[in-house]
Amino acid sequence: MRVMLTGGAGYIGSHTAAALAARGHQVVIFDNFANAERDVPARLERLTGQKMPVIEADIRDVPAVVAALREYPVDAVIHFAALKAVGESEADPLLYYDMNIIGTIRLLQAMQQAGVARIVFSSSATVYGQPDSSPILEDFPTRVENIYGRTKLVMEDLIRDLARTGKLAAAANLRYFNPVGAHPSALIGETPRGVPNNLMPYVTQVATGARPHLNVFGNDYATPDGTGVRDYIHVVDLAEAHALALEHIVANNVSITVNLGTGEGTSVLQLVQAFETATGRKIPLVIAPRRPGDVSSYYANPALAEATFGWRAKLNVEDMCRDSWRWQASRAGINDV
Ligand code: UFG
């Protein structure tokens, strides 16, 4: 297939581009480079041997998207392009409504004009809000806890509506748990701008010496060691899931909503321990107050993805730590992995 990836130069987009290429698909990258490095397409070419066309434009620019889809007729779109910081979304809701919700509407309009009727969407476990229990199944109630989460849920709903009314032939809403890790080649990975919000990029920056210690946000949660529990998933496994989900919905003309997680909960302290074991680097810790809005514990039941398109995560937390570190160390010019 030929597939256009909005946000294709970003963290999950670039790993999915590599996974698609490895399965023999052609990738077209559509990205405005607002939160992506310029050299990602060249790195992808080194990694995959495939020269992927790059369209630098914004998904809200309907004529630009239509022109891209006419120049490169595709079988489907995988839609990653969005803003994703919870705190920023609460500070500037209209920015998030515009980029994420209006952006998705414009993209869907452009796809309709160009006759492209299949989409895979980058959703999030954030749509479950504070779940009543874990493991989380796809039919658990959705809840909005913040503006970012609202936008993800609306984007999912738009896609489900278009699928239900026959405007889309096939769609997949993929609800990611906590993506971490990097390609083992260390050619692509996550490059957060400024101070990382998320745990793994923060840990890797402590390991390089860029930051003095990790703040552990709360050690009095009702979890085995008191720290927050999440379902971390290696981005290489996540990328593979996109390729398999896409092949499934295209072959069967169906629309699905599925969790992508490992089904394993890992606490902050367990993740730090795994990181120290995998890399031999010590991570100094400071116990800090809880971060407002954090949930104590959640993890996926990933059985539906396996039953539907035969995917399950293969990589464990140590693999995630090792590959995150290999990437961050190579970026920092540290040569010990
Ligand atoms: N944590 C720390 N210190 C840090 C950063 C995080 O202790 O410096 C802890 C958090 O308190 C939490 C765990 O590490 O217990 C994971 O935090 P992340 O920020 O890495 O991930 P979240 O689960 O909070 O957030 C992720 C995505 C969001 C999404 C949310 C719900 O980053 O975009 O899952 O799906 F909204």
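This briefing describes the fold of one protein chain, the surroundings of its ligand, and several individual residues. The model is a predicted one, and every value below is computed from it. The chain is built with 11 helices and 13 strands, and 53% of its 337 residues count as buried. Around the ligand there are 21 residues, of which Asn198, Asn215, Arg230, Arg291 and Asp294 come nearest.

**Overall dimensions and packing**

- The radius of gyration of the chain is 19 Å, which agrees with the value near 20 Å that a compact globule of 337 residues would have.
- Measured out along its principal axes, the C-alpha trace of the chain spans about 55 × 45 × 40 Å.
- The accessible surface of the chain comes to about 14,000 Å², and carbon and sulfur atoms account for 49% of that area.
- When contacts between residues at least 6 apart in sequence are considered, 80% of them join residues at least 24 apart.

**The ligand and its shell**

- An oxygen atom of the ligand lies 2.5 Å from a polar side-chain atom of Asp294, and a polar side-chain atom of Arg291 lies 2.8 Å from an oxygen atom of the ligand.
- The backbone also takes part, since a backbone N or O atom of Leu199 is placed 2.8 Å from an oxygen atom of the ligand.
- Taken alone, the ligand exposes 690 Å², and the protein buries 89% of that area.
- By residue class, the shell around the ligand divides into 10 nonpolar, 7 polar and 4 charged residues.
- The element that gives the most to this shell is strand S8, which covers residues 214-217 and supplies 4 residues.

**Helix H3 and what covers it**

- Helix H3 runs over residues 62-71, and within it Val62, Ala64, Val65, Val66, Ala68 and Leu69 are buried.
- The cover over these buried residues of H3 includes four strands, namely S1 (2-6), S2 (26-31), S3 (54-56) and S4 (76-79), together with helix H5 (93-114).

**Buried positions in helices H6 and H11**

- Thr151 belongs to helix H6, which spans residues 147-164, and because its relative accessibility is 0%, Thr151 counts as buried.
- Leaving out residues up to four places away in sequence, Thr151 touches Tyr96, Tyr97, Asn100 and Ile101.
- Ala329 is placed in helix H11, residues 317-331, and with a relative accessibility of 0% Ala329 likewise counts as buried.
- Although Ala329 and Gln205 are separated by 124 residues in sequence, their C-alpha atoms are 8.9 Å apart in space.

**Backbone geometry in the loops**

- The peptide bond that leads from Ser134 to Pro135 is cis, with omega near 0 degrees, and Pro135 lies in the loop between strand S5 (118-124) and H6.
- Ala186 has a phi near 60 degrees, a positive value in a residue other than glycine, and is found in the loop that links strand S7 (178-180) with helix H7 (199-208).
- The relative accessibility of Ala186 is 13%, so Ala186 counts as buried.
- Asn253 has a phi near 50 degrees, which is again a positive value in a residue other than glycine, and its place is in the loop between helix H8 (235-252) and strand S11 (255-260).
- At a relative accessibility of 47%, Asn253 counts as partly exposed.

**Ser297 and its contacts**

- Ser297 sits in the loop between strand S13 (285-288) and helix H10 (303-309), and at 22% relative accessibility this residue counts as partly exposed.
- Once neighbours within four places in sequence are set aside, Ser297 is in contact with Ser134, Thr223, Val229 and Arg230.
- Of these partners, Ser134 is the residue from which the cis peptide bond to Pro135 starts, while Arg230 is among the residues that come nearest to the ligand.
- Ser297 and Thr266 stand 31 residues apart in sequence, and the distance between their C-alpha atoms is 9.0 Å.

How values were computed
Residues numbered from 1 in each chain as written. Predicted model: local features only at pLDDT ≥ 70, side-chain atom pairs only at ≥ 80, totals over all residues. Heavy atoms only, no water. Near = heavy atom within 4 Å. Polar contact = N/O pair within 3.5 Å; in protein donor to acceptor, adjacent residues only side chain to side chain. Areas by Shrake-Rupley, 256 points an atom, 1.4 Å probe, with all protein chains shown as cover. Helix = DSSP H or I, 4+ residues; strand = E, 2+ residues; numbered from the N terminus. Nonpolar A, V, L, I, M, F, W, Y, C, P; charged D, E, K, R; others polar. Rg over C-alpha atoms; globule rule 2.2 N^0.38 Å. Buried < 20%, exposed > 50% of the residue type's maximum accessible area, 1.4 Å probe, protein only. Contact = heavy atoms within 4.5 Å.
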